[in-house]
Amino acid sequence: GERPMIRAVFAIFFWVMMAAQPLVAQEFRALARVNAQDSSLQDARAGGARLQLALSQAVPFRVFTVTDPARVVLDFREVNWEALSPEFNQSQAILRVSTGGAPDQGWSRMVLELSAPMAVDLAAMQTDPETGEAQVEVTLTPTTLEEFAAQARPPVGLDIPVEPATEAATRPRDERPDRLVIMLDPGHGGVDPGAQSAGHDESDLVLIFARELREALLRTGLFDVLMTREADVFVPLPTRVTMARAAGAHAFVSIHADAIAHGHASGATVYTLSETATDEASAALAEHHDRADILAGVDLAQSDDAVTNVLLELARLETDPRSDMLADAMVDGIAGVDGTLHSRPRLEAGFTVLSAADIPSVLLEIGYMSDEGDLDNILDPAWRARIQSGLVRALIEWASADAMQAILLRQ
């Protein structure tokens, strides 16, 4: 009686959600608009500044800094700036604000010219559960010229100059429908350096690894690759998942390099969300997360917990095996290039960044900074290139197998 009925409801929900996916993709192709009334750029305490940008919808974004002169660059995919007036900038710490298109097709750019060196302390996005509107917050705090110069660099492969191009703002975006969107998530950043060993911060090492992996994936011509952070900035965990969803990501790969205080561990490990954490994550998401942001294309804003949990469980019925398949492929990919694997290379845990119910998500520990051999490997460009080649092969093979599975499911 009751169990077959639940399965029938699951099946109906499943196909409704699958049918809705193309509509979601179209939605994200539209330009996000700035709500000038709820946007501001103001001075903050201790000589810093705070940017609040209200957008009509969530879009992927990236933040980085450049020198000569000192600037903070914000790229969005993509935004119509027309509503912003010159009076938007009320900050003495920001000399000038420029907006327009970015060199990368399908991106829009805002550049803040600084009166003095400042570090990006926070780059966060929240979405309104009822309207789907997004609020981006970026906080800047004073830093030394040396520290600013050490962190200031554009993303790899991005053209200089960084000033926005007015004529680029209306270019049609290359949708690249034949390419899978991969969101790479370099762990930690900014005020959260992660693990530390022998003078190295995990946040720096995984950012380098993620940048190189992005380039390796892009060179195949098969992927469109985005990153949750391009620089040493703090991005809250929910924002990382939101960015992946806003990008329409087909897979989410969080990259870490842990350290343990006691005992010994070495080698790469790939995590998926654990069974117990799945239930807890579902409950926590239903209770605390913006409900419209839980599942792409399904408005849960008016749903009670029971309906929300059913939808989350339903989505995971389809997504969890895909995550497992991706994780297994990555382990095989690392093994295939003679990479060092942990004695138990496939584990499960309740990492927040793996809690998206609708995006295959894995967390890759490339090694343990507390292990001298692992740290030497992570610092070695040749080792990184070898592991990255194995991961590229893994993602290609997973994409092929995943597409084949989707065809079988439709039949």
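Q: How many nonpolar, polar and charged residues does the lining of the largest cavity have?
A: In this predicted model, the lining has 6 nonpolar, 1 polar and 3 charged residues. Arg and Glu count as charged. R62, R229 and E230 are among the lining residues.

Q: Which strand gives the most to the lining of the largest cavity?
A: Strand 4 (residues 61-66), with 3 residues. F61, R62 and V63 are among the residues that line the cavity.

Q: What is the make-up of the lining of the second largest cavity, by nonpolar, polar and charged residues?
A: The lining has 6 nonpolar, no polar and no charged residues. Those residues are L184, L213, V253, M330, L391 and L395. Leu, Val and Met count as nonpolar. The volume is about 40 Å³.

Q: Why is the pair of F61 and F76 called stacked?
A: The structure holds 2 aromatic pairs. The ring centres of F61 and F76 are 5.9 Å apart and the planes stand at 25°. Pairing needs centres within 6.5 Å, and stacking needs planes under 30 degrees apart, so both conditions are met.

Q: What makes the pair of F76 and W81 edge-to-face?
A: The centres lie 5.8 Å apart, with the planes at 75°. The cut-off for edge-to-face is over 60 degrees, so the label fits. F61, F76 and W81 form one aromatic cluster.

Q: How do you know that the charged end of R62 sits over the ring of W107?
A: The charged end of R62 is 4.1 Å from the ring centre of W107. The distance limit is 6 Å, so that condition is met. R62 also lines the largest cavity.

Notes
Residues numbered from 1 in each chain as written. Predicted model: local features only at pLDDT ≥ 70, side-chain atom pairs only at ≥ 80, totals over all residues. Heavy atoms only, no water. 1 Å grid on protein atoms, 1.4 Å probe; cavity = no way out; pocket = protein on both sides within 12 Å on 5 of 7 lines; lining within 4 Å. Helix = DSSP H or I, 4+ residues; strand = E, 2+ residues; numbered from the N terminus. Points joined across faces, edges and corners; volume = space filled by probe spheres on them. Phe/Tyr/Trp six-rings, centres within 6.5 Å; stacked < 30°, edge-to-face > 60°. Lys NZ or Arg CZ within 6 Å of the ring centre and 35° of its normal.
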